[in-house]
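Here are my notes on the model you sent over, point by point. Have it open in your viewer while you read.

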Amino acid sequence: MAMENQIEGRHSVLEAFRAGKLVERVFVLKGCQDGPVATIVREAKRAQVIVDFVPKERLDHMSEDGKHQGVIAQLSAFAYSSVDDMLALAKERGEDPFLFLLDGIEDPHNLGAIIRTANLSGAHGVIIPKRRAVGLTSAAVKASAGAIHYTPVAKVTNLSAVMEQLKEKGLWFVCADMDGEVMYRHDLTGAIGLVVGNEGSGVSRLVKEHCDYTAGIPMAGDIDSLNASVAAGVLAFEIVRQRNYL
């Protein structure tokens, strides 16, 4: 279900927060600290929404009418599903649940690419946190290349708590970690959640503590890590190989 996804101007953005609209991200003119803008930033932090302080040129480029007044907000560009929807989809297909859990992905293009990978690997859904992470912005939806229409995405308050609830339903969790045991040495079959972390800092300590295993990707190059969406793809298709071809 597509929705209007960008609003501009101080009054409009503040009213969006007060009306309970699902704001994904706010862009604010760098250095602007007057009363209305401070109120918007405060509302964004209360709602655990990412605030980016950007130069005027960036806002001018993003603006559709040139009347942004130093503030642009992006709303969800697609409706969210629930974790229960994902489990129901797995049951409908007669398959063990296979979920992606993303801990702090901030780049909408990475999010979209991972949703696309999730669909192509047969996963039943993607779970993202409300806090310090990108949501279903128009850029993320576009980067999914249509996969968002087939792969449920849920937004949750506490990723670790959801993991514990899913463990009670029989899922176990493997964490993508460059220092983890080589992925080929793990049994990645059964009901599984693949946990992928932030582009720079990886999976947070608390979320990692709720994982059952850490899995590393063997690499032979001169740099030390893969892009988050590429790493998610490599691990996802090792799960596909083990689930379907062993």
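1. Start with strand 9, which is covered on both faces. On one side sit Ile192, Leu194 and Val196, and on the other Gly193, Val195 and Gly197; every one of these is buried. Put as a count, six of the six residues in strand 9 (192-197) are buried, so the strand is mostly covered, going by a cut-off of under 20% relative accessible area. Do keep in mind that this is a predicted model.

2. Which strands pair with strand 9? One is strand 5 (residues 98-103), running parallel to strand 9 over six bridges. To find the register here, look for Phe100, whose bridge partner in strand 9 is Leu194. Another is strand 8 (residues 172-182), which also pairs with strand 9 in the parallel sense, over four bridges. For that pairing, pick out Cys175: its bridge partner in strand 9 is Val195.

3. Now over to an open sheet built from four strands, in the order 1-4-2-3 and with mixed pairing. Strand 1 (6-8) and strand 3 (50-54) are its edges, each pairing on one side only. On average, neighbouring strands in this sheet are turned by 20° against each other, ignoring direction.

4. Inside that sheet, strand 2 (residues 23-29) and strand 4 (residues 71-75) are antiparallel partners, joined over five bridges. A handy pair to click on is Arg25 and its bridge partner in strand 4, Gln74. Helix 1 (residues 10-18) packs on the sheet, where it touches strand 1, strand 2 and strand 4. The direction of helix 1 makes about 130° with that of strand 1.

5. Helix 2 (residues 35-46) deserves a look as well. It lies across strand 2, strand 3 and strand 4. Relative to strand 2, helix 2 runs at about 150°.

6. Last, the surface. Which residues make the nonpolar patch of about 340 Å²? They are Met178, Met219, Leu226 and Val230. Leu226 is found in the loop between strand 10 (213-216) and helix 9 (228-244). Why does Leu226 count as partly exposed? Its relative accessibility is 35%, and partly exposed covers the range between the buried limit of 20% and the exposed limit of 50%, so Leu226 falls in that class. The 35% is also over the 30% needed for a residue to join a patch.

Terms used
Residues numbered from 1 in each chain as written. Predicted model: local features only at pLDDT ≥ 70, side-chain atom pairs only at ≥ 80, totals over all residues. Heavy atoms only, no water. Patch = residues over 30% accessible without salt bridge, like charges linked within 9 Å, V, L, I, M, F, W, Y side chains within 5 Å. Areas by Shrake-Rupley, 256 points an atom, 1.4 Å probe, with all protein chains shown as cover. Salt bridge = Lys/Arg side-chain N within 4 Å of Asp/Glu carboxyl O. Helix = DSSP H or I, 4+ residues; strand = E, 2+ residues; numbered from the N terminus. Buried < 20%, exposed > 50% of the residue type's maximum accessible area, 1.4 Å probe, protein only. Pairing = 2+ DSSP bridges. Axes fitted to C-alpha atoms, helices over the stretch in contact; angles between N-to-C directions. Contact = heavy atoms within 4.5 Å.
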